[in-house]
Amino acid sequence: NEVIVVAVTEGPSAFQLWLREEVPTDLLSDLQWLCEEYMDSHVILDLACQENLEAAFYKLMLDLQGLVEESHYRLVLCGLSPHLQQQMRCVHLSNRFDIFVNREAALRELAPADAY
C-alpha cells in the first residue's frame, strides 16, 4: 500500500509523491486535483498548519473520502488544532473521519511496516 500525505508547506516525502503539471495554490486545489485522480493509495490529510476550513473544503474532503473508500483505501486526518476539532464537531463531521494526533501516528496506522 502507498500513502499520500497532503499538507501545507511540505518538503519532499519518503512516501508516494504526486507530480502535478500546475503549481498548487493552496490545500483546496490539492484536494480538487486528487478528486480527479485514480485512487490507489491511502491519503493522510495533515491539517497542522490550517487555522480554518471553508465549507468547500469539507465537501471536497467528503468527496475524496468516498473515492478513496471505493478503492478500498482510507482517508484520515491528523494535526487538527483544538479550533479545527471544534469546527469539525459543529459541522457534524468529527465522526466521519479517523483523526490522529499527528502525521507519525497516521503513518504508523496506514504505512506498510517496512516503509516507516
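**A walk through a β-α protein, starting from one pair of residues**

Hi everyone, let me begin with one pairing: Ile4 has Val43, in β2, as its bridge partner. Before we follow that thread, please keep in mind that we are looking at a predicted model.

So where does that pairing sit? It belongs to a set of 6 bridges that join β1 to β2, and these two strands run parallel. β1 covers residues 2–7, and 5 of its 6 residues are buried, so we can call this strand mostly covered.

Now let's step back for the overall plan. The protein has 4 helices and 4 strands. If you read along the sequence, you meet them in the pattern β-α-β-α-β-α-β-α. Of the 116 residues in the protein, 44% are buried. How much of the contact between residues with a separation of 6 or more comes from pairs 24 or more positions apart? Such pairs account for 68% of those contacts.

Back to the strands. β2 also pairs with β3, again in the parallel sense, over 4 bridges. One example is Ile44, whose bridge partner in β3 is Val76. In β3, which residues are buried on each side? Leu75 and Leu77 are buried on one side, and Val76 and Cys78 are buried on the other, which leaves both faces of the strand covered. Here is a general idea that helps: in a regular strand, the side chains alternate between the two faces of the sheet.

Two residues of β2 deserve a closer look. Ser41 lies in this strand, and its relative accessible area is 0%, so it is buried. The side chain of Ser41 makes a polar contact with the side chain of Asp40, at 3.3 Å. His42 lies in β2 as well. Is His42 buried or exposed? Its relative accessibility is 7%, and because the cut-off for buried is under 20%, His42 counts as buried. The side chain of His42 reaches the backbone nitrogen of Arg74 at 3.0 Å.

Next, the helices. α1 spans residues 27–35, and 8 of its 9 residues are buried, so the rest of the structure largely encloses this helix. Those buried residues include Leu27, Leu31, Trp33 and Leu34. What covers them? The cover includes β1, β2 and α2.

That brings us to α2, which runs through residues 55–70. Let's do a little check together. With 16 residues at 1.5 Å a residue, α2 should span 22 Å, and its end C-alpha atoms are 23 Å apart, which agrees. The buried residues of α2 are Phe57, Tyr58, Leu60, Met61, Leu64, Gln65 and Val68. Looking down the axis of α2, you find these buried residues within an arc of 160 degrees, so they line one face of the helix. Why might such spacing give a face? An α-helix has 3.6 residues a turn, so residues three or four places apart point the same way. On the face of α2 turned away from the buried side, we find the exposed residues Ala55, Lys59 and Glu70. The buried residues of α2 are covered by elements including α1, β2, β3 and α3.

What happens after α2? The helix is followed by His72, which has a positive phi, near 65 degrees. Then comes Tyr73, in the loop between α2 and β3. A polar atom of the Tyr73 side chain lies 3.5 Å from the backbone oxygen of Asp40. Tyr73 and Val3 are 70 residues apart in sequence, but their C-alpha atoms are 9.5 Å apart in space.

Finally, let's see what sits inside. The largest nonpolar core has 27 residues, and Val43, Leu45, Leu47, Phe57, Met61, Leu64 and Met88 have the most contacts inside it. Two or more residues come from each of β1, α1, β2, α2, β3 and α3. Apart from this core lies another, of 10 residues, with Val5, Ile44, Ala106 and Leu110 among them.

Which residues does Leu64 touch, leaving aside its neighbours within four places in sequence? Leu64 is in contact with Leu31, Leu34, Cys35, Met39, Val43 and Leu75. And that returns us to our opening pair, where Val43 is the bridge partner of Ile4. Thanks for listening!

Note on methods: Residues are numbered from 1 along each chain as its sequence is written. This is a predicted model: local features need pLDDT of at least 70, side-chain atom pairs count only at pLDDT 80 or more; totals for chains, interfaces and linings use all residues. Side-chain values use heavy atoms; hydrogens and water are left out. The expected span of a helix is 1.5 Å times one less than its number of residues. Buried means under 20% relative accessible area, exposed over 50%, partly exposed in between (1.4 Å probe, protein chains only). The arc is that of the directions from the helix axis to the C-beta atoms. Contact means heavy atoms within 4.5 Å. A nonpolar core is a set of buried Ala, Val, Leu, Ile, Met, Phe, Trp, Tyr and Cys residues joined through side-chain atoms within 4.5 Å. A polar contact is a pair of N or O atoms within 3.5 Å; within protein, one must be able to donate a hydrogen and the other to accept it, and residues adjacent in sequence count only if both atoms are side-chain atoms. Two strands pair if DSSP finds at least two bridges between them.
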